[in-house]
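Here are a few notes to read alongside the structure. Keep the 3D view open and find each residue as you go.

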Amino acid sequence: MWDGMTYRFTRALFGLTSSPFLLNGVLKEHFEIWASREPQVVAELQSSTYVDDVLSWGTCVSEVQGLQNTAKYIFADVGFTLHKWNSNVSELEDPPSLSEEQTFAKDQLGVGVHETKLLGLLWDKELDTMKVSFPAIEPVHTKRGLLSHLAKIYDPLGFSTPRTLGGKLIYRDACLSKVSWDTEFNPRLVFRWNKWPHSLPPDGDAVTRSFVNFLEAIQDLALRA
């Protein structure tokens, strides 16, 4: 309502509570329309689309280029433009842009020239590594503060589990000590907590993507019991 009149949006807006639902509903319906024309590409898009990002792969450059071009056409048919392509192969990326807007955005996110954000993780496309960042060390000596600090480590794929396990074990022992959420735990746990963050790399934990050097297409194998 505005000044006694009712207005209706004619575009799907980002930022509304219903926006993710509307976007996913449109994509689901659109993929079903295209399923009979491009079954393989649509199947890949259905399993590889996350909100407004598409993450996929291929066994060779030509295969990915075919997927890329067809995906662009399918999304364009519903009014969406797939752009900002990133890949560890330069031929598959968008032409480099030096616009002030993109440069400013990368500066704000602390992203380097050969880096990009991939669902919250920093991906170095040149080195083909994923990096997990660790929050600054906090002088917390309570169970609530300890859990809050551990929750700030964003590592959905578990790359840094061997490093973060030490902090989680300290939290487990704090729970076993039966202290309340805001009561300072015993000096032994305080010592362990103050020591553990120093074992974490200050610039984050970079993990190299594991892959073989063979580029031949892999044949599908069916196993039956």
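**Notes on the model**

1. Let's start with a single residue. Val 207 has a relative accessibility of 23%, so it counts as partly exposed. The cut-off matters here, because buried means under 20%. This valine belongs to strand β6, which covers residues 205–208. Setting aside neighbours within four places in sequence, Val 207 touches Asp 128, Thr 129, Met 130 and Phe 159. Have a look at Lys 131 too: Val 207 and Lys 131 are 76 residues apart along the chain, yet their C-alpha atoms are separated by 6.1 Å.

2. Before going further, remember that this is a predicted model. The average pLDDT of the protein is 83, and 84% of the residues score at least 70. Which elements have the lowest and the highest mean pLDDT? Helix α4 (residues 100–109) has the lowest, at 54, and helix α2 (residues 39–48) has the highest, at 94. Where pLDDT is low, the predicted coordinates should not be read in detail.

3. Now the overall layout. The protein has 7 helices and 6 strands. Walking from the N terminus, you meet them in the order α-α-β-β-α-α-β-β-β-α-α-α-β. Of its 225 residues, 27% count as buried. Take the contacts between residues at least 6 apart in sequence: 60% of these join residues at least 24 apart.

4. Helix α2 is a nice one to look at end-on. Its buried residues are Val 41, Val 42, Leu 45 and Ser 48. Viewed down the axis of α2, they fall within an arc of 140°, so they line one face of the helix. It helps to know that an α-helix has 3.6 residues a turn, so residues three or four places apart point the same way. On the other side of α2, Gln 40 and Ser 47 are exposed. And what do the buried residues of α2 pack against? Their partners are α1, β1 (49–50), β2 (53–54) and α3.

5. Two of those partners also meet each other. The axes of α1 (residues 19–34) and α3 (residues 61–76) come within 10 Å and cross at roughly 115°. This crossing of α1 and α3 is right-handed. From α1, the contact uses Leu 27, His 30, Phe 31 and Trp 34, while α3 brings Tyr 73, Ile 74 and Phe 75. Sorted by class, the contact between α1 and α3 has 6 nonpolar residues, 1 polar residue and no charged ones.

6. Next, try the end-on view again with helix α7 (residues 187–195). Here Leu 189, Val 190 and Trp 193 are buried. Seen down the axis of α7, these buried residues fall within an arc of 105°, so they line one face of the helix. Among the elements covering the buried residues of α7 are α5 (143–151) and α6 (161–176). Which exposed residues sit on the face of α7 turned away from its buried side? That face carries Pro 187, Arg 188, Phe 191 and Lys 195.

7. Last, a stop in a loop. Glu 91 lies in the loop between α3 and α4. Leaving out neighbours within four places in sequence, Glu 91 is in contact with Val 61 and Gln 65. Glu 91 and Val 61 are 30 residues apart in sequence, and 7.8 Å separates them in space, C-alpha to C-alpha.

Conventions: Residues are numbered from 1 along each chain as its sequence is written. This is a predicted model: local features need pLDDT of at least 70, side-chain atom pairs count only at pLDDT 80 or more; totals for chains, interfaces and linings use all residues. Side-chain values use heavy atoms; hydrogens and water are left out. Axes are lines fitted to C-alpha atoms, for helices over the stretch in contact, and angles run from 0 to 180 degrees between N-to-C directions. Helices (H or I, at least four residues) and strands (E, at least two) are DSSP runs, numbered from the N terminus. A crossing is left-handed if the near helix is turned anticlockwise from the far one by less than a right angle, and right-handed if clockwise. Contact means heavy atoms within 4.5 Å. Ala, Val, Leu, Ile, Met, Phe, Trp, Tyr, Cys and Pro count as nonpolar, Asp, Glu, Lys and Arg as charged, and the others, Gly among them, as polar. pLDDT is the predictor's confidence in each residue, from 0 to 100. Buried means under 20% relative accessible area, exposed over 50%, partly exposed in between (1.4 Å probe, protein chains only). The arc is that of the directions from the helix axis to the C-beta atoms.
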